[in-house]
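This report looks at aromatic pairing and at one helix-helix contact. The sequence and the structure come first, and the description follows.

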Amino acid sequence: MMREVRQPHAGPGWSELASSRDGYAAVLDPGDRVGAKNTLIDRVHRRVLARVLSPLAGMSVVDFGCGTGRLTEWMAAQGADVTGVDVTREMLQRARAAVPRAHFYEIDGFSLPLEAATQDAIVSVYVLQYYVGDDDAMAALLSEFQRVLKPGGRVVAIEQASEGDIGRGASISGYRDALIAAGYGGVSSRPVRLGDSRFTRWVERWPQLADRVSALPSLIVREAQRTPSSALTGERYADALFLAGV
């Protein structure tokens with residue numbers, strides 16, 4: 001039976017985003033018309049993922065909620081055997097065109113078309129937040145991840161987390177507790193980007209910095225890691241990296 005996967009909390013749905021937004025705006029900040037902010041966010045995500053997944057060459061990886069193939073393309077270029085899955089057909093159409101070397105499947109959001117114990121890692125970015133409000137849905141999803149991961153495999157997720165109520169996702173401890181409750185080991189987390197980073201504001205003012213300043217992703221990660229989770233109240237949030245093993 002198909003289970004419902006929540007759409008974005010406000011604004012266009014996934015199908016409309018896939019057809020009406022170019023570049024990273026379909027899967028990151030749809031309001032970034034210039035593209036510099038999203039380019040910087042993408043650089044931060046790749047930097048963080050590279051640190052924990054390297055070397056990707058030869059790995060079997062699931063890009064869960066792959067969208068238009070933003071990270072699928074990067075991981076495949078590093079030599080990984082990537083399977084991208086998503087609930088939105090229009091997103092997958094764009095992903096297939098962008099990354100012909102990867103494998104793509106439309107899913108119901110809870111079942112993966114993969115054999116048991118075949119994957120080295122599952123990468124999920126900005127997707128678990130659409131499950132975290134439903135304990136049964138989150139438990140079912142994390143159980144499915146465990147089924148397809150090899151012994152020693154890992155879930156690597158980046159999620160927007162806040163101690164306040166921003167209308168999506170959960171606190172850092174909320175995501176971490178869900179992984180522990182599902183039976184994962186070695187669960188760890190750390191913030192990697194503040195939603196209101198001063199470096200992002202720089203790039204929004206001077207878009208050329210997004211590509212030209214090589215140190216920006218490192219500065220953004222350092223800024224986030226120096227900010228206590230207790231400061232993430234009200235509308236403040238951070239992208240947080242979560243690692244969990246089977």
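Two rings of Phe, Tyr or Trp count as a pair if their centres lie within 6.5 Å. In this predicted model, Phe64, Phe110, Tyr131 and Phe145 form one aromatic cluster, and the structure holds five aromatic pairs. Two of these pairs are set out below, with planes over 60 degrees apart counting as edge-to-face.

| Pair | Distance between ring centres | Angle between planes | Class |
|---|---|---|---|
| Phe110 and Tyr131 | 5.3 Å | 80° | edge-to-face |
| Tyr175 and Phe242 | 5.2 Å | 50° | tilted |

The pair of Phe110 and Tyr131 links distant parts of the chain, 21 residues apart: Phe110 lies in the loop between strand S3 (103-106) and strand S4 (119-125), while Tyr131 lies in the loop between S4 and helix H5 (135-148). Phe110 is buried, with a relative accessible area of 9%, and Tyr131 also counts as buried, at 3% relative accessibility.

Tyr175 belongs to helix H6 (residues 172-181) and Phe242 to strand S7 (residues 238-245), so this pair ties together parts that are 67 residues apart in sequence. Both Tyr175 and Phe242 are buried.

Turning to the helices, helix H7 (residues 198-205) packs with helix H9 (residues 216-225) at an angle of about 145°, and their axes are 9 Å apart. On the H7 side the contact is made by Arg198, Phe199 and Val203, and on the H9 side by Leu216, Leu219, Ile220 and Glu223. The residues of this contact of H7 with H9 comprise five nonpolar and two charged ones, with no polar residue.

Notes
Residues numbered from 1 in each chain as written. Predicted model: local features only at pLDDT ≥ 70, side-chain atom pairs only at ≥ 80, totals over all residues. Heavy atoms only, no water. Phe/Tyr/Trp six-rings, centres within 6.5 Å; stacked < 30°, edge-to-face > 60°. Helix = DSSP H or I, 4+ residues; strand = E, 2+ residues; numbered from the N terminus. Buried < 20%, exposed > 50% of the residue type's maximum accessible area, 1.4 Å probe, protein only. Axes fitted to C-alpha atoms, helices over the stretch in contact; angles between N-to-C directions. Contact = heavy atoms within 4.5 Å. Nonpolar A, V, L, I, M, F, W, Y, C, P; charged D, E, K, R; others polar.
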